[in-house]
Amino acid sequence: MLTTPERPQEPVWLVIIRLLRWHKPEGRLILMIPALWAVFLAASGKPPLPLVGVIILGTLATSAAGCVVNDLWDRNIDTEVERTRSRPLASRALSVKVGIVVAIVSLACAAILAFYLNPLSFWLSVAAVPIILLYPGAKRVFPVPQLVLSIAWGFAVLISWSAVTQTISQATWLLWGATVLWTLGFDTVYAMSDRDDDRRIGINSSALFFGNYAPVAIGIFFAGTILLLAWLGIVINLHLTFWISLAVATIGWVWQSLRLRGRDLPNPVYGEMFRQNVWIGFILLAGMITGSW
């Protein structure tokens with residue numbers, strides 16, 4: 001009698017890597033980008049390397065904690081969504097206890113790194129924690145939960161900028177606003193792939209809130225990002241390479257906004273556009289660094 005060989009069990013450490021989403025680096029990088037924008041702009045393109053290292057490790061630890069907290073909140077509804085049903089907590093590949101331990105370790109790592117920062121940056125880091133912990137619940141009660149995520153993303157700017165200058169200025173708020181609008185844009189794109197599942201299980205998202213006008217809303221968010229970044233470039237006197245990078249980003253965002261108006265786009269297109277925003281963010285970072293010299 002023939003038997004089908006059992007599939008080898010995945011090692012626990014690989015399951016934890018999937019829980020932290022480290023197998024999908026674009027989601028980690030896209031949080032790191034605004035933090036790097038801030039630290040390089042605040043330091044005129046030449047921040048202390050140890051501080052850059054702390055910012056990079058801090059965003060990795062924070063995004064890891066956010067992913068685990070999100071999956072703990074959503075472990076019973078992720079099974080109803082095609083894109084998320086194989087996540088470790090939803091599929092019961094890991095227990096809730098393990099998830100809680102991983103979340104605590106991630107937050108502890110972020111806290112240790114925060115002690116390197118000055119008092120203002122440290123307390124901004126503390127202020128960001130409740131938003132990170134409560135964001136997953138927002139989709140159950142708030143019609144545009146992506147706005148809560150965007151505000152959480154904005155803390156990366158406030159923390160990183162003040163880590164250099166020990167103050168928050170007009171330029172900081174311009175970059176914060178650009179980051180919030182950019183995040184609203186790319187995360188609404190990402191949410192468009194889950195619209196049918198979210199509608200069926202009763203979960204809120206900006207893609208559902210804006211409905212047929214979601215592509216228009218995304219275009220407005222990206223347009224606001226461009227205007228605020230341009231205003232920032234004028235305020236802090238950034239040079240030619242920044243404006244070239246902003247022009248490239250503008251072309252990318254306009255192209256995405258126009259493409260989203262097409263009907264019946266396959267779901268993988270939305271993930272592709274999300275990943276394109278990572279490249280746009282790094283192009284802007286390069287322009288900001290060289291435009292500050």
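**Group meeting: helix packing and ring pairs**

Leaving out residues up to four places away in sequence, Thr188 contacts Gln146, Thr183, Ser206, Ala207, Ile218 and Phe221. I start there, and I should say at once that this is a predicted model.

Where does Thr188 sit? It is part of helix H7, which covers residues 170-191. Is Thr188 buried or exposed? Its relative accessible area is 0%, so it is buried.

One of those contacts can be followed from the other side. Gln146 belongs to helix H6. It has a relative accessibility of 6% and therefore counts as buried too. With residues up to four places away in sequence not counted, Gln146 touches Thr188, and also Leu184, Asp187, Ala191, Ser205 and Ser206. Ser206 is thus in the contact list of Gln146 and in that of Thr188.

That brings me to the two helices themselves. Two packed helices are described by the angle between their axes and the distance between the axes. For H6 and H7, the axes come within 8 Å, and they cross at roughly 145°. The crossing of H6 past H7 is right-handed. Which classes of residue make up the contact of H6 with H7? There are 15 nonpolar residues, seven polar and one charged.

Between H6 and H7 there is a loop, and Gln166 is in it. Most residues other than glycine have a negative phi. Gln166 is not a glycine, yet its phi is positive, at about 65°. Gln166 is exposed, because its relative accessible area is 53% and the cut-off for exposed is over 50%.

There is another residue to set beside Gln166. Arg21 also has a positive phi, near 65°, and is not a glycine. Its place is the loop between helix H1, residues 12-19, and H2. Is Arg21 buried or exposed? At 10% relative accessibility, Arg21 counts as buried, whereas Gln166 is exposed.

Next, the rings. The structure holds twelve aromatic pairs. I will show two of them. A pair of aromatic rings is described by the distance of the centres and the angle of the planes.

Trp153 and Phe186 make an edge-to-face pair, with 6.3 Å from centre to centre and 65° between the planes. Which parts of the chain does this pair link? Trp153 is in helix H6, residues 145-165, and Phe186 is in helix H7; the two are 33 residues apart, and the pair links distant parts of the chain. Both rings belong to buried residues: Trp153 has a relative accessible area of 12%, and Phe186 has a relative accessibility of 1%.

The second pair is Phe222 with Trp253, and this one is stacked, at 5.4 Å centre to centre with 15° between the planes. Phe222 lies in helix H10, residues 214-235, and Trp253 in helix H11, residues 240-259, so the pair ties together parts that are 31 residues apart in sequence. Phe222 counts as buried, at 1% relative accessibility. Trp253 is buried as well, with a relative accessible area of 1%.

Trp153 and Phe186 are also members of a cluster linked by ring pairs. Which other residues are in that cluster? They are Trp37, Trp182, Tyr190 and Phe274.

Now to another helix pair, H2 and H3. Helix H2 covers residues 25-42 and helix H3 residues 49-74; their axes come within 9 Å and cross at roughly 145°. The H2 and H3 crossing is right-handed. On the H2 side, the contact is made by Arg28, Leu31, Met32, Ala35, Leu36, Val39 and Phe40. On the H3 side they meet Leu51, Val52, Ile55, Ile56, Thr59, Leu60, Ser63 and Cys67. By class, the contact of H2 with H3 has twelve nonpolar residues, two polar and one charged.

Ile56 gives me a link to the last residue. Arg199 and Ile56 are 143 residues apart in sequence, and their C-alpha atoms are 36 Å apart in space. Arg199 is found in helix H8, residues 195-201. It is exposed, with a relative accessible area of 51%. Which residue does the side chain of Arg199 join in a polar contact? The partner is the side chain of Asp196, at 3.3 Å.

To close, back to where I began: Thr188 is buried, at 0% relative accessible area, while Arg199 is exposed, at 51%.

Terms used
Residues numbered from 1 in each chain as written. Predicted model: local features only at pLDDT ≥ 70, side-chain atom pairs only at ≥ 80, totals over all residues. Heavy atoms only, no water. Helix = DSSP H or I, 4+ residues; strand = E, 2+ residues; numbered from the N terminus. Buried < 20%, exposed > 50% of the residue type's maximum accessible area, 1.4 Å probe, protein only. Contact = heavy atoms within 4.5 Å. Polar contact = N/O pair within 3.5 Å; in protein donor to acceptor, adjacent residues only side chain to side chain. Phe/Tyr/Trp six-rings, centres within 6.5 Å; stacked < 30°, edge-to-face > 60°. Axes fitted to C-alpha atoms, helices over the stretch in contact; angles between N-to-C directions. Left-handed = near helix turned anticlockwise from the far one by under 90°. Nonpolar A, V, L, I, M, F, W, Y, C, P; charged D, E, K, R; others polar.
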